[in-house]
Amino acid sequence: MLRLLAAGIAAAALAAPAAAQEAVQLKFAAWGPPRAPMNVNTTKWAEFVTKDSDGALKVTVFWNTLGNALTVYDNIKNGVADAGWVLQPFITGKFVKTGVVELPGIFETSVEASTALWKLYESGVLKEEYAEVRPMAIVPMTGNRIHANAPLTDMAALAGKKYRVAGRTLADVVAAMGGTGIQLSWADIPQALDKGVIQGTVSPWNDFVPAKLHEVTKYHLDHSFGMIAGMVAMNHKSYAALPPKAKAAVDKHSGMAMTLWLAREADANMAKNREEVSKMSGHTVAKLPPAEYAKLQAAMKPVYDEWKKRTPGGEEVLKALGK
């Protein structure tokens with residue numbers, strides 16, 4: 001009997017560490033279509049972290065159940081989700097300095113913009129905007145371009161049209177060109193163009209072909225008209241509660257390295273869509289002649305001035321960027 005009891009105690013002792021090593025689940029909030037480029041890549045992030053935790057952590061992606069574009073930030077902050085993908089412009093009044101990337105002509109690529117924003121965060125210039133969550137990557141989406149159903153050869157051709165925009169700064173950009181900005185979701189663009197509600201859209205190349213925007217626009221002005229900032233964010237308490245191996249895996253896939261990986265993927269998707277459209281019959285992808293581009297830049301000065309005026313610390317941000 002004593003031998004049986006001893007054997008049972010020994011078995012229990014051996015089983016205890018195994019139970020203690022059961023993987024911690026991290027709930028990742030994803031929203032929108034899974035095929036969207038950034039969703040594809042943040043899903044890969046979840047796989048990388050899970051694999052590198054050596055069994056200590058399992059990152060599970062929840063689609064459109066733990067938040068949407070408008071609610072995901074608060075859900076991460078409040079612990080409904082442990083982590084997730086956030087677009088900062090949807091969080092009203094919170095990421096106003098980060099909104100510098102929405103200004104036209106500052107950045108051409110996601111790598112360039114992402115590097116600059118992460119450095120601003122690390123230097124403390126943006127730190128207070130991110131105090132409520134733990135940013136693991138800050139990744140502006142690639143620059144908006146103008147896509148229309150009529151030629152875009154000069155400033156006069158840009159004026160007098162209605163364009164789909166997202167956000168106040170982009171609406172200011174369109175107004176400075178002599179056009180009218182109409183706030184529409186990405187999904188509503190094709191029908192609005194088809195019905196003549198708008199004559200163009202200010203949107204990135206990313207996911208352009210899968211969204212079938214090439215079917216309703218033929219002329220593409222390939223200058224950068226600002227970007228939309230995004231980030232992978234994590235709840236502070238969720239991070240603090242992670243066991244050492246899990247925390248090490250999260251740290252490995254955070255910061256500048258993670259930021260640059262996502263940015264390079266975004267730039268590659270942009271290039272792929274732009275190249276695909278440029279080879280399509282009937283499509284024109286071009287830039288303005290130098291003299292017309294100079295006029296465009298001059299027209300954007302009031303947009304910069306207005307952004308600095310309404311953004312506390314905006315001048316500091318532009319100075320830090322050398323602008």
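**View 1. An open sheet of 5 strands sits in this predicted model.** Reading across the sheet, the strand order is β2-β1-β3-β10-β4, and the pairing is mixed. Now look at the edges: β2 (57-63) and β4 each have a single partner strand, so one side of each is left without a neighbour in the sheet. Going from one strand to the next, the twist averages 25°.

**View 2. Here we zoom in on β1 and β2, which run parallel.** Strand β1 covers residues 24-30, and 7 bridges join it to β2. Which residue of β2 is the bridge partner of Leu 26? That's Val 59.

**View 3. Two helices, α2 and α10, meet the sheet.** Helix α2 lies across β1, β2, β3 (83-87), β4 and β10 (230-234), and runs at about 160° to β2. Helix α10 packs on the sheet too, touching β4 and β10. The direction of α10 makes about 40° with that of β4.

**View 4. This close-up shows α2 packing with α10.** Helix α2 spans residues 37-52 and helix α10 spans residues 255-278; their axes are 10 Å apart, at an angle of about 145°. On the α2 side, the contact is made by Pro 37, Met 38, Asn 41, Lys 44, Trp 45 and Phe 48. From α10 come Met 258, Trp 261, Leu 262, Glu 265, Ala 266 and Asn 269. Sort these residues by class and you get 8 nonpolar, 2 polar and 2 charged. As for handedness, α2 passes α10 in a right-handed crossing.

**View 5. Helix α4 packs with α10 as well.** The axes of α4 (residues 110-123) and α10 are 8 Å apart, and the angle is about 160°. Because of that angle, α4 counts as roughly antiparallel to α10. The α4 residues in the contact are Ser 110, Val 111, Ser 114, Thr 115, Trp 118 and Lys 119. Their partners in α10 include Gly 255, Met 256, Thr 259 and Leu 260. By class, this contact has 6 nonpolar, 5 polar and 3 charged residues. The crossing of α4 and α10 is right-handed.

**View 6. Last stop: Met 136, in strand β4.** Is Met 136 buried or exposed? Its relative accessibility is 0%, so Met 136 counts as buried. Leaving out residues up to four places away in sequence, Met 136 touches, among others, Trp 45, Ala 83, Trp 118, Val 232, Gly 255 and Met 258. Trp 118 is 18 residues away along the chain, and its C-alpha atom is separated from that of Met 136 by 9.8 Å.

Definitions and conventions:
Residues are numbered from 1 along each chain as its sequence is written. This is a predicted model: local features need pLDDT of at least 70, side-chain atom pairs count only at pLDDT 80 or more; totals for chains, interfaces and linings use all residues. Side-chain values use heavy atoms; hydrogens and water are left out. Axes are lines fitted to C-alpha atoms, for helices over the stretch in contact, and angles run from 0 to 180 degrees between N-to-C directions. Helices (H or I, at least four residues) and strands (E, at least two) are DSSP runs, numbered from the N terminus. A crossing is left-handed if the near helix is turned anticlockwise from the far one by less than a right angle, and right-handed if clockwise. Contact means heavy atoms within 4.5 Å. Ala, Val, Leu, Ile, Met, Phe, Trp, Tyr, Cys and Pro count as nonpolar, Asp, Glu, Lys and Arg as charged, and the others, Gly among them, as polar. Buried means under 20% relative accessible area, exposed over 50%, partly exposed in between (1.4 Å probe, protein chains only). Angles under 35 degrees count as roughly parallel, over 145 as roughly antiparallel, 65 to 115 as roughly perpendicular and the rest as oblique. Two strands pair if DSSP finds at least two bridges between them.
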